[in-house]
Amino acid sequence: MDLNYLAEYLPVLMDATKVTAILTVVTLILSTVIALPLSVVGLRKPNAFSAALDLFTLFMRSIPTLVVLFFFYYGMPYLGLVLPAFAVAVVGLTLSAVAYNIEIFRSGLRAVDPGQIEAAEALGIPRWRIWVNIAFPQAMPVFLPTYLSNATLILKGTSVASIITIPELTAVSNEIVSLTYQPFEILIASALIYVVLGGALSLIAAAVRRHLTRGLSAGPVRSAPAMKASA
Amino acid sequence: MTEAKTASWPTPPAPEHMVELRGIVLNYHKLQVLKGVNLAVHKGETVAIIGPSGSGKTTLLRCINYLTQPSGGEVWVGGHLVGQRPVGGRLRPAPDSVLRRHRLDTGMVFQQFNLFRNMNVLDNVTFAPLSTGRGSPGEIRARALQLVERVGLGHKLNAFPNELSGGQQQRIAIARALAMQPKVMLFDEATSALDPELAREVLDVMRELAREGMTMVVVTHEMGFAREVADRVVFMERGEIALQGPPSQVFSDKAPDRIRRFLQH
Ligand SMILES: Nc1ncnc2c1ncn2[C@@H]1O[C@H](COP(=O)(O)OP(=O)(O)OP(=O)(O)O)[C@@H](O)[C@H]1O
Ligand SMILES: [Mg+2]
C-alpha cells in the first residue's frame, strides 16, 4: 500500500466523491418528490392513467439504466435535443428510480387499513389530507426499509453515469488507474468512500424514521378487538 | 332561466324528514342487493335496522353517506340531495368536492372502530373538523375536549388507539363523528366486535345520544337496544324492507312468522 501515491490522488477522488454525492442526492430527491404523488394514482380504483403508469414502471424496471442513459445521451440529439451530460445522467437515473419508488410507496400504502381511509372519507376529509396525514404516516414504517435499500442502490447506480463522461467516483478512479497502472490503493479508497456515503444515507434515513413515526407502533396495527378486550 | 325548474325538481322531502331514501337500488354485477328501498327518518328519531345476514343492512346504511353509490334512487339528508345533482334535467353523480360537503351532515360509526392509528385521541377527534374548517382551532379543541369527556375518556386524551380497549376506541370513534356536528348518526354493528361488558359502555353512549334528540340510524344485532331505544324498528330481508313499526309491534307475538323465527335465534 503506497500512501504517498494515494495522497497524491486524494484531492481528485474527493472532487469525484462530490459529484457522486450530488448526483445521488439530486436523483433521490427528484425521484421521491415525483414518485410520492404518482404512487397514489389509481391505488383505490385503477384508471387509465394508473394503467399507463404501470406500463412505465414495468419498462423502466426492465431496461438497464445504462441503456436508458445511452438512449438519452446518444438518442436525444437525433431528436434535436442536446442536453449536458450531467442533466442526461440526472434524467436517466431519476426515471428508473421513480419507477422503483412508485412500487415501494405503493406496497406501503396497500398495507394501510382501508377501514381508516373509509372513515376519513365518511368524515368529509379532503383526499390529499387523507394521503398526507393518515395513509403515508402509516405506510412509512412499512416502506422505509425497502426505500432505504433502494437509496443505496441509487448511490451505487450513479457509477453507471461514468459511461457518459460524468466525472464521478467510478469514472475518475478508472481514469487514475489507467494512467498509473496501480489499481489497488485507488480501488480500496473508492470502495471505502462508497461505504461511507452509504452509511451516511442509512443514518439520515434512521433519523427521518424516528422523527416521522413517533407514536406509531412497528406497523399499521389492525385492531384485534377480541384480544384487546381480554388483555 | 331554469331556476323555477331546479327549485322544484327533484322535489325535496318534507322538512321533518331528516333522512329520506327514495327507491334505492343497488346491483353488484347481477346480484340485486337493494331492491328499491324507501325509508324516511324523522328529526330526532332513532331507527333500528335488523334482519338476517346478507339482507342488505350495511349496504343500505352506506348508501346514506354514499360510501356505497347506489345504482338508482335518491338519498336526501337534511333537505339536501346526497351524491347527485341535477344537470340538464337529469341527476348526475356529484363531483368529489360536492360529495364531501354532503357528507358533513352524516356521522358514521363502524364495526371495526377505524380510528386513525397514527394519531392520539385528541387528534383523532379534532382532525376532521380542523381539516374541513368547521370552526376556529380554539372552538374545535374545546368541543373535542367536551365530547371526549362526555364519552368518559377525558383522562385518555394523549393515548393512541392501540393503547385503548375496543370499547374505549368505539366511544372515541363516536366522539370523532360528533365533532363534525352531524345532523344524523349512522351506526353499523357498532358493538359486534366487543365483549358484552365493553358493548354496554358503547350502548350507554348511544342511548344517551338518542335521548338528547340526535337522529340515528342503527344497524344492530342487539335486540335489547332496538326494543328499548329505537322509536321504530325496520326489518330487512333480501334487499327489501319486509316490515317496520314501533318495537312493541315488531317484537310482539303477533308479528309475522318469519320475523319471529329470525328473532328466536
Ligand atoms: N362489495 C360487494 N361486492 C359484491 N357483493 C357484495 C358487496 N358488498 C355486499 N355484497 C353482497 O350484498 C349483500 C348484502 O350485504 P350486506 O353487507 O349489506 O348485508 P348485511 O345485512 O349487512 O349482513 P350482515 O348482517 O352479515 O352484516 C350480500 O349478499 C353481500 O354478499
Ligand atoms: Mg352488515
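Reader: How much area is buried between chain A and chain B, and what share do carbon and sulfur atoms give?

Author: In this predicted model, about 2,500 Å² is buried between chain A and chain B, with 60% of it given by carbon and sulfur atoms. Buried area denotes the accessible area (1.4 Å probe) that two parts lose on being put together, summed over both. Residues are numbered from 1 along each chain as its sequence is written, while chains are lettered from A and ligands numbered from 1 in the order in which they are written. Local features need pLDDT of at least 70, side-chain atom pairs count only at pLDDT 80 or more, totals for chains, interfaces and linings use all residues, and side-chain values use heavy atoms, with hydrogens and water left out.

Reader: How many residues does the contact take from chain A and from chain B?

Author: Chain A contributes 28 residues and chain B 33 residues, where contact means heavy atoms within 4.5 Å.

Reader: Why is the meeting of A:Glu118 and B:Arg62 called a salt bridge?

Author: The term requires a side-chain nitrogen of Lys or Arg within 4 Å of a carboxyl oxygen of Asp or Glu. The side chains of A:Glu118 and B:Arg62 meet at 2.7 Å, N to O, and therefore satisfy the rule. The count between chain A and chain B is two salt bridges.

Reader: Which helices of chain A each supply at least two residues of the side that touches chain B?

Author: They are α5 (114-122), α6 (127-157) and α9 (225-230); helices here are DSSP runs (H or I, at least four residues), numbered from the N terminus. The largest share, seven residues, comes from α5(A).

Reader: What makes the approach of B:Thr58 to ligand 1 a polar contact?

Author: A polar contact is a pair of N or O atoms within 3.5 Å; within protein, one must be able to donate a hydrogen and the other to accept it, and residues adjacent in sequence count only if both atoms are side-chain atoms. An N or O atom in the side chain of B:Thr58 is 2.7 Å from an oxygen atom of ligand 1, so the pair qualifies. For B:Ser55, a backbone N or O atom lies 3.2 Å from an oxygen atom of the ligand.

Reader: Which residues come nearest to ligand 1?

Author: Of the 13 residues around ligand 1, these are B:Ser53, B:Gly54, B:Lys57, B:Thr58 and B:Thr59; a residue is near if one of its heavy atoms lies within 4 Å. α2(B) gives the largest share of this shell, three residues.
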